Every structure is written in structure tokens, then in C-alpha cells.
Amino acid sequence: MKLFLLFVFVWIAGILPAQELSDKALLDTVQRQTFRYFWDFGHPVSGLARERTDTVHINHEVVTVGGSGFGVMAIIVGVERGFITRAQGVERLLKMVHFLDEKAERWHGVWPHWLNGTTGKAIAFSEKDDGADVVETSFLFEGLLMAHQYFDRTNPQETELRQEIDKLWREADWSWFTNGQHVLFWHWSPRYGWEMNHPIHGYNEALVTYVLAAASPTHPISDSVYHKGWATGPIFKNEKEFYGIPLPLGMDYGGPLFFTHYSYLGLDPRGLRDKYADYWQQNVNHTLINHRHAIVNPNGYKDYGADSWGFTASDGNGGYFAHDPLNDRGVISPTAALSAFPYTPEYSMRALKHFYYDLGDSLWGDYGFKDAFNPTACWVADSYLAIDQGPVIGMIENYRTGLLWKLFMSHPDVKKGLEKLGFETIPCK
């Protein structure tokens, strides 16, 4: 009872407890508080995830399609952990999918990066990025297919939810986004067509985009699009060592850690292999390189170390930026280390305790940990971002129970898509 009251106190007040929590209780607290971003701060009309909390950069009508996929995952975790009831979760998800179907602009079944949460009209992410975004859409479907598998009861509400998700899933025309070539293109605009000209080559966060495009039951891509498109990028293969740690794929030092999070909220990397890589090894080693960079600290930034690490795309004192060892500005992003729990549980727990107990007075707030901080500049973000808060909840849950992995990998279309592209999924012991 005392522990329950402690959770309630932390949740409502958004402040730190007077005494240290057990590891389990600390993980519960972080998931619960971060969940509030998607539940309490979700858009009141659409139910979708708002882009960010601060209004200096963007207004609160802007909802994020990919971040809403992470929000769907957060709702599943919220139900599973008892933060909300199952009925509440279904009600919110029905609001979201009806908005996505009936009001939200989409082209060939694919939504834009940003939407107006009230009207459903597309909001341009950049000058020519004002239409369909196949990568953001894939993150949304990643969450929706999990919801399809989780809410499996035969009552009218859950049946309706599954039917609506099936409808949206079947209407997405992934093959159209090849533009007749052996690669997927990230963007298409109703005003500018294919002028963005952004073919999706690996290696980056978009692996799940290719898996879902191959998995489509109605408009799939051929396997050659994966092998001739994704796997032929100029920074696909690496096979070098950084800080003595081998890196199979991607840019030198691995790049920002969200590469190991967004696709792998659903794709279970344990035992996941194709002819290019073992994806568990890829993600673990990428994370270890990131952690080691904070210990070596070649730029001499303040307060880097074994307990203070994590580089990914986030806000910074110089603006939003994709931070990584090659692009290190002294900014540490809590989502990077916390979303790495499945890969480096010991190092992630040490970072969590440092963030919570040592820095919590400035770093902890209404929706969990704020987006980033720069100890050298004595700066802490006043913002929370959907695409950073979501992976914290989901990847901690995958570390604890594997729930989201089990749901996504159980969808029959996902299984077919992985098999089509030549993936092996070796069961974990």
C-alpha cells in the first residue's frame, strides 16, 4: 500500500521520492510518468500524439504520425501495466483510427509527417515535404498492427478496432512509392510530386518500412526492392571497429541511437538475421560504441561518463539536431540510454539512476525526463517530444516482458514479409 501511494504521489506531483526505489519500482515510475505524454497530452480531437510540448517551435495543433504510432504502443503498455483500463485504451484507439480514416489527409493510403489534430489537414514538415511520408506511416502501422494483435477479444469495440486497422492497413499502397524503381521513396507531394527525390537506402531507422512494404497483403513490394534499394546505400555496410567494437552496418560509430529504437520497437532483434547482418549484434554493438564514446569523451565535455551517456536526435541548446559520436555537441538525451535497456540493461539502469536521483530536480517533470541536457552549457530542455518519449516506454517494456516484440512479430502479414525478404527469426532460449 505504501509503495502504491508513493507511485500515486510521484505520478500526480511529478516530483522525486524521498527514498530510493527498487529497480522494478523505478522502471514502473518512469513508464507511468512518460505514459502521461500520450494520454494526458494527446490531442483532444484526434487522440493522436502532439509533436512536442513547447510552443516556441510549433503549435499544439500539430500531431505527429510516427509519434502517434509510438503513442499506440504506449497505450498498449498502459493497459498491460494497469495505468488505464482496457476499455479506456480501446476507446482512445477507436478515436484515433476513425480520425485517421475519416478526416486525416492521405495519399495512396499513406499519411504525411504532420497533421492538424483538429482538421486532419496535412502540415508541411518542410517546403516540399507536404504530402505522403512512407517512413512515418510505417511507424504508425508498426503500432497499429500491435494493437490489432493485443485487442483480440470478440466484443463489439475490439472487433471494430481490428476491422478498422485492417481497413487502413489494406489501403496503403506501398508499391506505388517505388515510383517504378527498385527502391522505396520517402516522400511524395500533391504539389511537387517526387521532387524531394529521397530514395530510402540503408542503413538507418527505416528497416521496418521495408518489412511492412513487403508484408502488405494488397500492395506489396518485391524482394528486389529491398535488396537493390535498401541494401545498396553508400553507408549500408561498415564492418569496421570503433573503440574496439565491430559494427556490421551503417555509418561510422553507428549514428544516432534512434536507429536502434524506432524499427525495433516492433521488430524483435533477438535472433533476427538476414544475409547482411545479425540485428541483435548490430544494435548491441551500436549501443556499446555510443556508451564508450561518453567514457572516452574525446571532446572533453563536462559530466560525460559511464553513468551519463546517450546520443540521438533531440533538442539541444543549439536547436534540434541528430547527435551522435561524430556529431557531438555536448548534448545528452535521456531517451537514448533508456530506450537501450534491451541492449545494455546494466549501463541503462546506471544512466536511469543518474538521471533520476542526481539530476531529477531539473530533468524530471510532468511527462518523465525532459528531452535533453547539456552539462557543459548548463542547459536543460524545457521540452518533451513524442518521438523521444515513446521509445522510452516501449523499449523498457520490451526489456521487461518483450510484449511489443511478441505482438508485432505475431502478426501473420509481418511473418510473411520477413520471410519474403530472407530474414531468419531464431527463437530466443
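Two residues are in contact here when they have heavy atoms within 4.5 Å of each other. With that in hand, welcome to a predicted model of a protein with 15 helices and 15 strands. Below is a quick tour, from the whole chain down to a pair of helices and one histidine.

**Overall shape**
- A compact globule of 429 residues would have a radius of gyration near 22 Å, and the protein agrees with that at 20 Å.
- Along the principal axes, the C-alpha atoms fill a box of roughly 55 × 50 × 45 Å.
- Of the 429 residues, 62% are buried.
- Take the contacts between residues at least 6 apart in sequence: 67% of them join residues at least 24 apart.

**Surface and charge**
- About 16000 Å² of the protein is exposed, and carbon and sulfur atoms supply 51% of that area.
- You will find 37 positive and 50 negative side chains, with the centres of the two sets 4 Å apart.

**Histidine 286**
- H286 sits in helix α9, which runs over residues 279-296.
- Is H286 buried or exposed? Its relative accessibility is 1%, so H286 counts as buried, since the cut-off for buried is under 20%.
- Setting aside neighbours within four places in sequence, H286 is in contact with L247, Y253, G254, G255, P256, L257, F259 and T260.

**Helix α4**
- Helix α4 covers residues 86-102, and its 17 residues should span 24 Å at 1.5 Å a residue; the end C-alpha atoms are indeed 24 Å apart.
- The buried residues of α4 are R86, G89, V90, R92, L93, L94, M96, V97, F99, L100 and D101.
- An α-helix has 3.6 residues a turn, so residues three or four places apart point the same way.
- Which elements do the buried residues of α4 pack against? They pack against the helices α2 (23-39), α3 (65-80), α5 (134-150) and α6 (156-171), and also against β2 (114-116).

**Helix α7**
- Nine of the nine residues of helix α7 (residues 207-215) are buried, so this helix is largely enclosed by the rest of the structure.
- Those residues are L207, V208, T209, Y210, V211, L212, A213, A214 and A215.
- The packing partners of the buried α7 residues are α5, α6, α8 (223-228), α9, α14 (403-410) and α15 (412-421).
- Helix α9, listed among those partners, is the helix that holds H286.
- Helices α5 and α6 appear among the partners of α7 and also among the partners of α4.

Methods: Residues numbered from 1 in each chain as written. Predicted model: local features only at pLDDT ≥ 70, side-chain atom pairs only at ≥ 80, totals over all residues. Heavy atoms only, no water. Helix = DSSP H or I, 4+ residues; strand = E, 2+ residues; numbered from the N terminus. Rg over C-alpha atoms; globule rule 2.2 N^0.38 Å. Buried < 20%, exposed > 50% of the residue type's maximum accessible area, 1.4 Å probe, protein only. Areas by Shrake-Rupley, 256 points an atom, 1.4 Å probe, with all protein chains shown as cover. Lys, Arg positive; Asp, Glu negative; His and termini not counted. Charge placed at Lys NZ, Arg CZ, Asp CG, Glu CD. Expected span 1.5 Å × (residues − 1).
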